[in-house]
Amino acid sequence: MNLIERYIFRRAARLTFITLAATTVVVMITQVLIYVNVLTDSGQAISTFLHLAVMLVPAMAVVVAPFALLIGASQTLSAMNADSELAVIEGAGGSHKLTAKPILILGMILTLATLGIALFVEPWTNRQIRTIVSEAGADLVRLAVQSGSFKRLDDGLYIQIAEQHPGGAFGGIFIADARDDKTELIYYAKRGVILPQGERELLVMSEGEIQRRTVATGDVSIIQFASYAIDFSQFSSADSTPALRPKDQPISFLLNPDPNDFFAKQRPEQLRSELHRRLSEWLFPVAFGLIATYFAGGARSNRQERLWSLAAAATLALCMRGLGFFFMNASGNSHTMMVLTYALPLGTIAIFLILLASGRQLRIPAWLDRRGSALLAWSERQRLALQLRMAGYRQRAGGGA
């Protein structure tokens with residue numbers, strides 16, 4: 001890169017990574033709040049919260065990286081246009097390649113980083129998150145049993161211990177499990193005790209019964225038992241499937257899944273959707289960088305036209321990302337959706353590369369520009385009129401006092 005290209009690259013990279021860090025933190029906080037009840041109720045230390053937050057960063061960064069590049073590149077080029085730097089570059093004979101090349105290089109860096117995170121880092125962090133939440137859920141179960149109080153372990157899962165006897169035994173055990181949409185279970189036992197068995201912990205109940213209710217028909221069956229054991233691991237998470245989720249699996253497993261895996265047998269479309277997501281999501285940073293360069297790269301003196309161009313870039317990026325999510329989620333069930341998952345970012349990259357190479361610039365139609373200007377002028381008049389009315393109210397209120 002020459003001097004001008006390095007200058008544009010440094011400015012765009014600084015804004016992009018600042019935006020990426022800020023948006024990742026915001027989104028990460030919203031995700032941590034999902035698990036806050038389980039972590040706090042189970043008495044987890046602050047280090048567990050920090051560990052969970054760090055593990056959420058890669059997945060959040062993959063989602064927001066394209067938008068961070070779009071914002072960083074657009075703001076950099078807009079500031080250069082406002083300072084007449086783009087006009088000077090074009091007046092000196094510089095082509096669109098001078099602005100497109102550094103943004104494209106920055107997009108390639110984010111693309112390679114996104115690819116590495118999606119293929120290798122994100123699955124590992126997802127497994128770590130699963131472990132943290134499972135351990136917190138198990139701690140919550142033990143806390144509920146040991147404290148002798150009523151606890152909500154998960155949506156539709158409750159446990160209550162009436163009393164705790166000397167020696168670690170319990171009396172009056174009640175467990176309600178309505179997590180399954182088809183079946184509701186109620187466990188009741190007079191006595192119980194926690195017994196370790198290898199790496200597992202079992203709640204062994206005595207002299208009780210199990211009430212099984214079928215939701216569709218309302219039929220209730222009652223099973224009485226002298227002794228019954230429940231593994232705590234089935235209460236550690238709302239997801240009681242006997243296998244790792246597709247997003248937890250490494251890329252090698254998605255390419256060649258185990259035929260005996262739960263999802264491979266029962267929900268193979270989820271494995272295919274996750275595979276196509278990882279292999280296509282890394283293309284969006286380059287596509288968004290080209291969109292930003294095309295709409296914000298040219299020198300323009302008309303502020304109104306530039307405003308509409310930036311709005312068009314943001315709208316196109318949002319629509320493209322929304323369609324991308326839709327195609328990815330449906331790619332496991334439809335060959336057409338699978339093709340569109342890759343065609344959307346690749347087609348966008350090809351189209352904007354051609355537009356930038358040809359030097360063609362999208363101009364806002366004159367009638368739309370006029371209507372937009374009239375709408376903004378009307379909004380400004382309404383704002384000034386409101387300010388005048390508020391000033392008049394304050395004057396009359398002051399005179400009355």
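This text walks through one long helix, a set of salt bridges and two surface spots in a predicted model.

Start with helix α10, which covers residues 335-358. Helix α10 has 24 residues. From its first C-alpha to its last it reaches 34 Å, close to the 34 Å expected at 1.5 Å a residue. Even so, helix α10 has a kink. The bend is about 30 degrees and lies at Ala343. The proline Pro345 follows shortly after that point.

Now look at the two ends of α10. At its start, a side-chain oxygen of Ser334 comes to within 3.3 Å of the backbone nitrogen of Thr336. After the helix comes Gly359. The phi of Gly359 is positive, near 80 degrees.

Which residues of α10 are buried? They are Met338, Thr341, Leu344, Pro345, Thr348, Ile349, Phe352 and Leu356. The spacing of such a list is worth tracing on the model. An α-helix has 3.6 residues a turn, so residues three or four places apart point the same way. The proline that follows the kink, Pro345, is among the buried residues.

Turn next to the charged pairs. The structure holds 13 salt bridges. One of them joins Glu5 and Lys101, with the closest N and O atoms 3.7 Å apart. This pair links distant parts of the chain. Glu5 sits in helix α1 and Lys101 in helix α4 (residues 97-147), 96 residues apart. Is Glu5 buried or exposed? Glu5 is buried, because its relative accessible area is 6% and the cut-off for buried is under 20%. Lys101 counts as partly exposed, at 37% relative accessibility.

Helix α4 also takes part in a second bridge. Arg277 pairs with Glu122, and their closest N and O atoms are 3.4 Å apart. Here too the pair links distant parts of the chain. Arg277 belongs to helix α7 (residues 268-280) and Glu122 to helix α4, 155 residues apart. Arg277 counts as buried at 15% relative accessibility. Glu122 is buried as well, with a relative accessible area of 7%.

This pair does not stand alone. Glu122 and Arg277 belong to a network of salt bridges. Glu274, Arg278, Glu281 and Arg321 are linked in that network too.

A third bridge lies between strands. The side chains of Glu184 and Arg213 meet at 3.4 Å, N to O. Glu184 lies in strand β4 (residues 183-197) and Arg213 in strand β5 (residues 200-214), so the bridge ties together parts that are 29 residues apart in sequence. How accessible is Glu184? Glu184 counts as partly exposed, at 31% relative accessibility. Arg213 is also partly exposed, at 31%.

Another strand residue to find is Ile223, in strand β6 (residues 220-231). Ile223 is partly exposed, with a relative accessible area of 44%. Ile223 and Tyr187 are 36 residues apart in sequence. In space, their C-alpha atoms are 9.7 Å apart.

Finish on the surface. Val25, Ile29 and Leu33 make a nonpolar patch of about 260 Å². Leu33 is placed in helix α1, which runs over residues 3-41. Glu5, from the first bridge described here, is in helix α1 as well. Why does Leu33 count as exposed? Its relative accessible area is 52%, and exposed means over 50%. So helix α1 holds both the buried Glu5 and the exposed Leu33.

Definitions and conventions. Residues are numbered from 1 along each chain as its sequence is written. This is a predicted model: local features need pLDDT of at least 70, side-chain atom pairs count only at pLDDT 80 or more; totals for chains, interfaces and linings use all residues. Side-chain values use heavy atoms; hydrogens and water are left out. Helices (H or I, at least four residues) and strands (E, at least two) are DSSP runs, numbered from the N terminus. The expected span of a helix is 1.5 Å times one less than its number of residues. The bend at a residue is the angle between axes fitted to the seven residues ending there and the seven starting there. Buried means under 20% relative accessible area, exposed over 50%, partly exposed in between (1.4 Å probe, protein chains only). A polar contact is a pair of N or O atoms within 3.5 Å; within protein, one must be able to donate a hydrogen and the other to accept it, and residues adjacent in sequence count only if both atoms are side-chain atoms. Patches are made of residues with over 30% relative accessible area and no salt bridge: like charges are joined within 9 Å, nonpolar side chains (Val, Leu, Ile, Met, Phe, Trp, Tyr) within 5 Å. Accessible areas come from the Shrake-Rupley method with a 1.4 Å probe; for residues, only the protein chains shown count as cover. A salt bridge is a side-chain nitrogen of Lys or Arg within 4 Å of a carboxyl oxygen of Asp or Glu.
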